[in-house]
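Hi everyone, thanks for coming along. I have one structure to walk you through today, so let me put it on the screen.

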2 protein chains.
Amino acid sequence: MSVTAPERAHSATIEGVAAKIELAILDHRLAPGTKLTEDELASIYGIGRTIVRAALQSLTHKGLVETQRNRGAFVAKPSIREAREVFEARALLEPRTAQSAAERARPSDVRLLHRHIKQEHAALDAGNTGRAVYLSGEFHVAIARIADQTTIEHFIYQLIARSSLIIALYWRRRDALCESHAHHALVDAIANGDGARAEELMTSHLVDLRSCLDLSDSPAAPKTLREALA
Amino acid sequence: MSVTAPERAHSATIEGVAAKIELAILDHRLAPGTKLTEDELASIYGIGRTIVRAALQSLTHKGLVETQRNRGAFVAKPSIREAREVFEARALLEPRTAQSAAERARPSDVRLLHRHIKQEHAALDAGNTGRAVYLSGEFHVAIARIADQTTIEHFIYQLIARSSLIIALYWRRRDALCESHAHHALVDAIANGDGARAEELMTSHLVDLRSCLDLSDSPAAPKTLREALA
DNA sequence: CGAACAAGGATTGTGCACAATCTACAAAAC
DNA sequence: GTTTTGTAGATTGTGCACAATCCTTGTTCG
């Protein structure tokens, strides 16, 4: 047994490494724009660069990592435009999915959502906002899972993941949480099997969420300056 | 210069190889379920297995290829359930996107769509149904591009690609084409800037398209038998 | 003093060899 | 005759070494 063996053993799979990095990004432990050096990750997890490279490629396809040729991989940094598009897509997918979920939800599903909210509150009380954002996203994915549409669920998962990055970048500090209340109301509508109300609530929830973001064009100026020269 | 040099030179990039395989799948030259051996592909394109492997991983994330651990990669074979889900997702995304496209379309965009339809007809007259299906899908992606929503465009592209596989598997031979007419009507609505009509037309077009598929549960029986033992 | 240029270091890209695993076929035991 | 087991072949998984590319820094020239 080595003394300070770096995370050895069973985590040597591509999916395992990708999941660990993904969790770190979604928990806001890795900020957008952070450089992800292959050698560094390889030594951290005690594996070769091949696995790390495959994991990074996997995350790139999920939109969580951006790779530049011969430059390496970085934690994705969604632009203002991308942020708008993500919420546009969510507005198209999630309300109708919430409706389906309400019409199909079984008691065990409702219990699962309640547990989700509970964990969310716990993380919030502990001051771990990063994890709270992650769990808040998982809540939306759970609704898609109840709707029993795995294809749409995958899309929503991707959108939620990018939303996490967007929140990390463009969140206004004022008015701490417009969310926990909305999630409660959604669970109530789903528990009552009220599809129409669930759809409405999800629509307004997404509008609220978006209104908590600062999507003005100000930080685009230095970016275009740099890109204009290249 | 070697005599039978297999496709040498500039196609040695991951994206290049992935694009070639993708095109072959979308053109219905590679049937669903076909084994994609790494060595074989490597020798065909005259490159190492590393590139091939990365390309296959890329296609796996796009849903065009399914990989089994220690078994290799196969052209994806969507189940009946997946087929239903794909059209469910398309019904959520495409009508509203067509509406946006109609409201934003410029004359050059309309010309592009006309050219698309022309190519589609040419492939159909040449008897190349595989290419016709591919171009028919590209038409839907072009509409998403006009709507200027790259995130939604990516999702629709993925859905179109899987639809191509679904058509290859579950297409009813009777009533050859319910499509070319619908595409014409859509372009007219977009050219007139009539968003509401474009949305309606897209919705009914998707319903028609789905009705041309045989999505009964018959071939699921032998599958469950196998899965019941594992 | 500023800018262009060149050398050095670091990081990624790719091919290759070996290890791990699976499939198929054949032989032996029940 | 059926089932099990063992061996051979093929295919995928992973680490490693070298090549290609890029960034940084120090130097020199205008």
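I'll go through a sheet, a pair of helices, the contact between the chains and one residue. Please keep in mind that this is a predicted model.

Let's begin in chain B. Here you can find an open sheet of 3 strands, and reading across it the order is E1-E3-E2, with antiparallel pairing. Which strands stand at the edges? They are E1, residues 35–36, and E2, residues 65–68, of chain B. Each of these has a single partner strand, so one side of each is left without a neighbour in the sheet.

Now look at how E2(B) is held to strand E3 of chain B, residues 72–75: there are 4 bridges between these antiparallel strands. If you would like a pair to click on, take B:Glu66, which stands opposite B:Phe74 in E3(B). Packing on this sheet is helix H3 of chain B, residues 49–61, and it touches E1, E2 and E3 of chain B. The direction of H3(B) makes about 115° with that of E2(B).

Over to chain A, and a helix pair. Helix H2, residues 38–45, and helix H3, residues 49–62, of chain A have axes that come within 9 Å and cross at roughly 115°. That makes H2(A) roughly perpendicular to H3(A). The crossing of these two, H2(A) and H3(A), is right-handed. Who makes the contact? From H2(A) we have A:Glu38, A:Asp39, A:Leu41 and A:Ala42, and from H3(A) come A:Arg49, A:Val52 and A:Arg53. Sorted by class, the residues of that contact are 3 nonpolar and 4 charged, with no polar ones.

Next, the two chains together. In chain B, 17 residues are in contact with 17 residues of chain A. On the chain B side, the elements giving two or more residues are H3, helix H4 (80–104) and helix H7 (150–170) of chain B. Which of them gives the most? That is H4(B), with 8 residues. The side of chain B that touches chain A has 7 nonpolar, 6 polar and 4 charged residues.

Last stop: A:Leu209, which you'll find in helix H9 of chain A, residues 195–211. Is A:Leu209 buried or partly exposed? A:Leu209 has 19 C-beta neighbours inside 10 Å, and a buried residue needs 20 or more, so A:Leu209 counts as partly exposed. One more distance for you: the C-alpha atoms of A:Leu209 and A:Phe87 are separated by 9.1 Å, although the two residues are 122 residues apart along the chain.

That's my tour, and I'm happy to take questions.

Definitions and conventions. Residues numbered from 1 in each chain as written. Chains lettered and ligands numbered in written order. Predicted model: local features only at pLDDT ≥ 70, side-chain atom pairs only at ≥ 80, totals over all residues. Pairing = 2+ DSSP bridges. Contact = placed C-beta atoms within 7 Å. Axes fitted to C-alpha atoms, helices over the stretch in contact; angles between N-to-C directions. Parallel < 35°, antiparallel > 145°, perpendicular 65-115°, else oblique. Left-handed = near helix turned anticlockwise from the far one by under 90°. Nonpolar A, V, L, I, M, F, W, Y, C, P; charged D, E, K, R; others polar. Buried ≥ 20, exposed ≤ 12 C-beta atoms within 10 Å, placed from the backbone.
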